[in-house]
Amino acid sequence: MTILVTGAAGFIGSNFVLDWLNQSKEDVVSLDLLSYAGNLENLSSLDNNPRHHFIKGNIGDRELVSELLKKYQVRAIVNFAAESHVDRSIHESKYFIETNIVGTYNLLESARSYWSDLDQNLKQDFRFLHISSDEVYGSLNLTDPPSSESDPYKPNSPYSASKAASDHLVRAWFQTYKLPVLTVNSANNYGPYQFPEKLIPLCILNALKGKPLAIYGDGQQVRDWLYVKDHCTAIREILKAGQIGETYNVGRWSEKTNLEVVETLCAILDELEPKSNGKSYFEQITFVKDRPGHDRRYAIDASKLEYDLGWKPQETFETGLRKTVLWYLENETWMNHDVSGEYQDWVQKQYS
Ligand code: TYD
């Protein structure tokens, strides 16, 4: 059997594909449009792997997706394909509506048509697993309990609104058509292969290049940080044993302010890659204008996943961050390939 992974050349998608091929016997069809944040280099270690098939294409291309589902007799779809950067969604929301909402709708329809024609046994085993975000629950006050699966959706950015809309579509395809869906709402991920527009890889890149580490506003916004490999394990567990139609929150119970994150990063870099002039990376920290509508706090209650499926994260924030920094230090070529052309235009627009 085979699973279809969409957005497979992106950050979480590529980590998942690598993890899946190590941990499972099923083959993988990777589908990715290879837009700016998708990078085939993330999957280059699989070039000669007969269990992996890469296809360049769009989740909204129903003809292509239907053909792939039939050709590879796909047993499950894991949908990572999404525009995911909040700052970009503020500048240009169109792609978020197109990919995250319309794209998911088309993927659901392709899946439904394929699934309805399957034999009874295959039909029972089929799953559509949709990856979403904790941002759909909106911003929490410091004293609020972490968001749980039953909390109302209150998205505040074009990005989170588009993910919320896609989650609702997934839910509706279960309620209305009985398509066997699962939804995963995850905390902020970090780890290898993350495109350097998000806080952690951006700060690693800028720190090494001697550039300012830009902290929006007062830096007291809180996020829960999950090492990407722990997220991959959670997805595998949910795919295996998750209850159809259910939503699972995945988090680390590891809330940090943005300033704490960047300071921890600077301390690790000072130790692992000390500057030749003896100065500290802390000196590069700079406070800049805040993000419009900046959500103050996200925190996620992952107890359902822990109690029902026995999942537990392996990494603490600090051990995961150290592994991440080491990976970026060992993969500077990867980082430098990813930051030419369109990336420079974005940096200019956002940080100048
Ligand atoms: P980000 O990595 O973009 O993820 P998200 O917005 O989905 O949480 O940002 C994480 C936090 O870091 C968020 O509160 C915004 C903040 N941030 C900065 O302070 N400076 C930056 O340059 C970036 C990219 C983010």
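**Exercise 1. Find the helix that lies across S7 and S9, and work out the sheet around it.**

Start with the helix. Helix H8, residues 228–241, lies across S7 and S9 and runs at about 70° to S9. Keep in mind that you're looking at a predicted model.

Next, place those strands. They belong to an open sheet of three strands, ordered S7-S9-S11, and the pairing is mixed. Strand S7 (188–190) and strand S11 (255–257) are the edge strands, each pairing on one side only. On average, neighbouring strands here are turned by 50° against each other, direction ignored.

Now zoom in on one pair. Strand S9 (residues 222–227) pairs with S11 in the antiparallel sense, over three bridges. If you want a landmark, go to Val222, which stands opposite Thr257 in S11.

Finish with a second helix. Helix H9 (residues 258–272) lies across S9 and S11, at about 85° to S11.

**Exercise 2. Trace the seven-stranded sheet from edge to edge, then add a helix that packs on it.**

Step one is the order. The seven strands make an open sheet that reads S3-S2-S1-S4-S5-S6-S10, with parallel pairing.

Step two is the edges. S3 and strand S10 (247–250) each have a single partner strand, so one side of each has no neighbour in the sheet.

Step three is the twist: neighbouring strands are turned by 20° against each other on average, again ignoring direction.

Step four is the helix. Helix H4 (residues 94–116) packs on this sheet and touches strand S1 (2–6), S4 and S5, with its direction making about 170° with that of S4.

Step five is a pair of strands. S5 and strand S6 (residues 181–186) pair in the parallel sense over six bridges. Within S6, Val184 is the bridge partner of Ile131.

**Exercise 3. Decide whether Asn79 and Ser132 are buried or exposed, and list what surrounds them.**

Take Asn79 to begin with. You'll find Asn79 in strand S4 (residues 74–79). Its relative accessible area is 0%, and buried means under 20%, so Asn79 is buried. Leaving aside neighbours within four places in sequence, Asn79 contacts Thr6, Ile59, Thr104, Leu107, Phe128, Leu129, His130 and Ile131. With His130 there's also a polar contact of 3.3 Å between the side chains. Then check Thr183, which is 104 residues away along the chain: the C-alpha atoms of Asn79 and Thr183 are separated by 9.6 Å.

Ser132 comes next, in strand S5 (residues 127–133). At a relative accessible area of 5%, Ser132 is buried too. With neighbours within four places left out, the contacts of Ser132 are Lys163, Asp167, Thr183, Val184, Asn185 and Ser186.

**Exercise 4. Pick out the non-glycine residues Leu34 and Gln73 by their phi, and compare their settings.**

Recall the usual rule: most residues other than glycine have a negative phi.

Leu34 goes against that sign, with a positive phi of about 55°. Leu34 lies in the loop between strand S2 (27–32) and strand S3 (52–56). Leu34 has 26% relative accessibility and therefore counts as partly exposed.

Gln73 has a positive phi as well, about 45°. Look for Gln73 in the loop between helix H2 (62–71) and S4. Its relative accessible area is 53%, so Gln73 is exposed.

**Exercise 5. Which residues touch the most other members of the largest nonpolar core?**

The core has 71 residues, and the answer is Phe16, Val78, Leu129 and Ile238. Another core, of 28 residues, lies apart from it and includes Val29, Val65, Tyr72 and Ile77.

Now follow Phe16. Not counting residues up to four places away in sequence, Phe16 touches Ile3, Val5, Val78, Phe80, Cys232, Ile235 and Arg236.

For a helix that is mostly covered, turn to H7 (residues 199–208), where eight of the 10 residues are buried. Among them are Ile200, Leu202, Ile204 and Leu205, along with Asn206. After H7 comes Gly210, with a positive phi near 75°.

**Exercise 6. Walk around the ligand and find the polar atoms by its oxygen atoms.**

First, the surroundings: of the 17 residues around the ligand, Glu135, Ala214, Arg291, His294 and Tyr351 come nearest.

Then go through the polar atoms:

- Arg291 has a polar side-chain atom 2.6 Å from a ligand oxygen atom.
- Asn258 also has a polar side-chain atom by a ligand oxygen, at 2.8 Å.
- Leu199 uses a backbone N or O atom, 2.9 Å from an oxygen atom of the ligand.

Technical notes:
Residues numbered from 1 in each chain as written. Predicted model: local features only at pLDDT ≥ 70, side-chain atom pairs only at ≥ 80, totals over all residues. Heavy atoms only, no water. Helix = DSSP H or I, 4+ residues; strand = E, 2+ residues; numbered from the N terminus. Buried < 20%, exposed > 50% of the residue type's maximum accessible area, 1.4 Å probe, protein only. Contact = heavy atoms within 4.5 Å. Pairing = 2+ DSSP bridges. Axes fitted to C-alpha atoms, helices over the stretch in contact; angles between N-to-C directions. Polar contact = N/O pair within 3.5 Å; in protein donor to acceptor, adjacent residues only side chain to side chain. Core = buried A, V, L, I, M, F, W, Y, C linked by side-chain atoms within 4.5 Å. Near = heavy atom within 4 Å.
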